[in-house]
Amino acid sequence: MGQSVLTGPFPRIAGELRCGDLRAEELADRFGTPLYVYDLSWIRSRVALFHEAFSDVDHLLAYSVKANGNLSILRALGEMGCGADITSGGELFRALKAGIPADRMVFAGVGKTANEIGYALDEGIFAFNVESRPELERIDRVAAERGVRARFGVRVNPDVFADTPHEYTRTGHAETKFGVPWGTATDLYRWARDREHLAPIGIDVHIGSQIVEPEPYVKAIDRVLELVGELAAEGVELGYLDIGGGYGISYDDKPGMDVAALARDIVPKVKAAGLRLLLEPGRSLVGEAGVLLTRVQYVKETEGKIFVIVDGGMSELIRPSHYGGYHGIEPAGKQGQESATVDVVGPICETGDFLALGRDLPLPSEGDILAVRTVGAYGFAMASNYNGRLRPAEVLVDGADVKVIRRRERFEDLIRGEEGEA
Ligand SMILES: Cc1ncc(COP(=O)(O)O)c(C=O)c1O
């Protein structure tokens with residue numbers, strides 16, 4: 001086991017940032033920059049924390065693949081007993097490739113195509129989390145064509161407001177595109193109840209992301225359990241309650257969700273209802289387990305401003321400009337330099353291409369390595385080739401071991417599949 005289990009991921013030892021037992025600067029020199037580094041021992045400890053907290057109830061951790069879909073990460077999570085929350089045929093393909101059994105997968109998303117539904121039925125996923133009446137009708141048709149029964153739960157919109165850091169990450173209030181409005185969920189179950197090719201087996205909510213208090217979950221679950229009782233009275237006996245993901249982590253000095261406290265609040269309710277509990281954690285399993293190492297190219301001073309221009313930007317990490325996401329940034333090496341207030345920006349031709357604005361940092365020099373923290377979720381997963389950028393390599397560290405789990409892209413990768421490629 002790496003040292004990071006004891007001290008949190010990516011500790012500073014003798015003034016230098018460590019990834020597992022290795023120096024971050026050494027990894028940057030060896031594998032180049034920008035570079036995503038993940039700490040497997042931290043991911044293990046997060047999965048263990050969830051399993052332990054929810055051990056009193058039959059539960060499944062359906063890891064939200066969208067957070068970080070790297071095959072090696074998925075494989076490791078599958079081996080730790082996790083399933084998958086998938087949102088597309090592509091994520092289903094990835095999760096299967098990584099060896100996650102289909103019967104541990106739930107399929108969410110408002111726009112499932114007939115092909116995706118057919119693929120998921122052929123593979124035998126555990127359940128669809130259904131987001132509308134027309135979607136359920138389509139699932140019924142596709143299942144009938146195959147002569148099978150599609151298991152599903154309705155994703156209900158509990159109309160609970162969860163105070164997430166950005167409006168784009170709130171999903172549980174009435175105005176979002178997600179879920180079935182509270183008042184119509186029962187009709188959907190009634191309609192499905194007697195259909196030959198549909199099996200209503202569960203119910204689902206996802207109220208948002210980066211939520212740090214148990215309270216909105218408790219509110220949503222109380223509402224949903226009432227509905228479960230009403231449905232049972234109408235002969236619809238459900239077997240699972242999926243409470244989605246969104247458990248907050250610590251991006252700055254504020255603590256994330258206390259997972260044990262959340263479990264204490266909700267496990268007795270779910271147990272009393274006799275339901276299997278599904279959770280869809282994404283960032284809370286992998287977010288803190290990643291850093292992005294990026295090398296300073298130039299320090300540019302203009303009137304009243306200092307720009308630290310690094311070789312990673314919005315094409316590698318879009319959270320700062322897309323969600324106003326905060327990520328801690330620090331020099332990977334010893335921090336001797338004097339502090340200055342700087343904008344840390346990338347090389348992309350967009351004013352929105354920044355990693356941090358107005359940040360106090362020890363003023364780095366050309367060639368220094370900066371580490372951007374808490375990027376294990378929605379980091380590489382949202383990376384792009386915009387501006388002809390090559391997507392970075394990803395490495396996985398486990399104590400003193402390090403493995404490239406995705407090679408850095410090459411120029412040829414940029415034109416793959418295009419007419420004139422050869
Ligand atoms: C339905 C659903 N489940 C789970 C997640 C995972 O969220 P998080 O990574 O914040 O845990 C999301 C995130 O968008 C989601 O939409």
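Tutor: A polar contact is a pair of N or O atoms within 3.5 Å. Keep that cut-off in mind as we look at this structure, which is a predicted model.

Student: Which serine has a polar side-chain atom close to an oxygen atom of the ligand, and what is the distance?

Tutor: Serine 209 does: a polar atom of its side chain lies 2.7 Å from a ligand oxygen. Because the cut-off is 3.5 Å, that pair counts as a polar contact.

Student: Which side chains approach a nitrogen atom of the ligand?

Tutor: Glutamate 280 places an N or O atom of its side chain 2.6 Å from a ligand nitrogen. For aspartate 85, a polar side-chain atom is 3.3 Å from a nitrogen atom of the ligand. As for cover, the ligand taken alone exposes 390 Å², and the protein buries 90% of that.

Student: Where does the ligand sit, and what surrounds it?

Tutor: The ligand takes up the space of the largest pocket. There are 13 residues around the ligand, and those that come nearest are Ser209, Gly246, Glu280, Arg283 and Tyr378. By type, the shell holds two nonpolar, six polar and five charged residues.

Student: Now the backbone. How should I read phi?

Tutor: Most residues other than glycine have a negative phi. Tyrosine 378, one of the residues nearest the ligand, has a positive phi, near 55°. Tyrosine 378 lies in the loop between strand 19 (369-373) and strand 20 (393-398).

Student: Is tyrosine 378 buried or exposed?

Tutor: Buried, because its relative accessibility is 12% and the cut-off for buried is under 20%.

Student: Which alanine also has a positive phi?

Tutor: Alanine 14, with phi near 50°. Alanine 14 belongs to the loop between strand 1 (12-13) and strand 2 (16-19). Alanine 14 counts as exposed because its relative accessible area is 59%, and exposed means over 50%.

Student: What about alanine 356: buried or exposed?

Tutor: Alanine 356 is buried, at a relative accessible area of 3%. You will find alanine 356 in strand 18 (residues 354-362). Try tracing from there to glycine 325: the two residues are 31 apart in sequence, and their C-alpha atoms are 9.0 Å apart in space.

Student: And how do I read a peptide bond?

Tutor: Look at whether the bond is cis or trans; most peptide bonds are trans. Here, the bond from threonine 33 to proline 34 is cis, with omega near -10°. Proline 34 is located in the loop that runs between helix 2 (24-31) and strand 4 (35-39).

Terms used: Residues are numbered from 1 along each chain as its sequence is written. This is a predicted model: local features need pLDDT of at least 70, side-chain atom pairs count only at pLDDT 80 or more; totals for chains, interfaces and linings use all residues. Side-chain values use heavy atoms; hydrogens and water are left out. A residue is near a molecule or strand if one of its heavy atoms lies within 4 Å of it. A polar contact is a pair of N or O atoms within 3.5 Å; within protein, one must be able to donate a hydrogen and the other to accept it, and residues adjacent in sequence count only if both atoms are side-chain atoms. Accessible areas come from the Shrake-Rupley method with a 1.4 Å probe; for residues, only the protein chains shown count as cover. On a 1 Å grid over the protein atoms alone, a cavity is a set of points where a 1.4 Å probe fits but cannot get out, and a pocket is an open set with protein on both sides within 12 Å along at least five of seven lines; lining residues have an atom within 4 Å of a point. A molecule sits in a cavity or pocket if more than half of its atoms lie within 2 Å of its grid points. Ala, Val, Leu, Ile, Met, Phe, Trp, Tyr, Cys and Pro count as nonpolar, Asp, Glu, Lys and Arg as charged, and the others, Gly among them, as polar. Helices (H or I, at least four residues) and strands (E, at least two) are DSSP runs, numbered from the N terminus. Buried means under 20% relative accessible area, exposed over 50%, partly exposed in between (1.4 Å probe, protein chains only).
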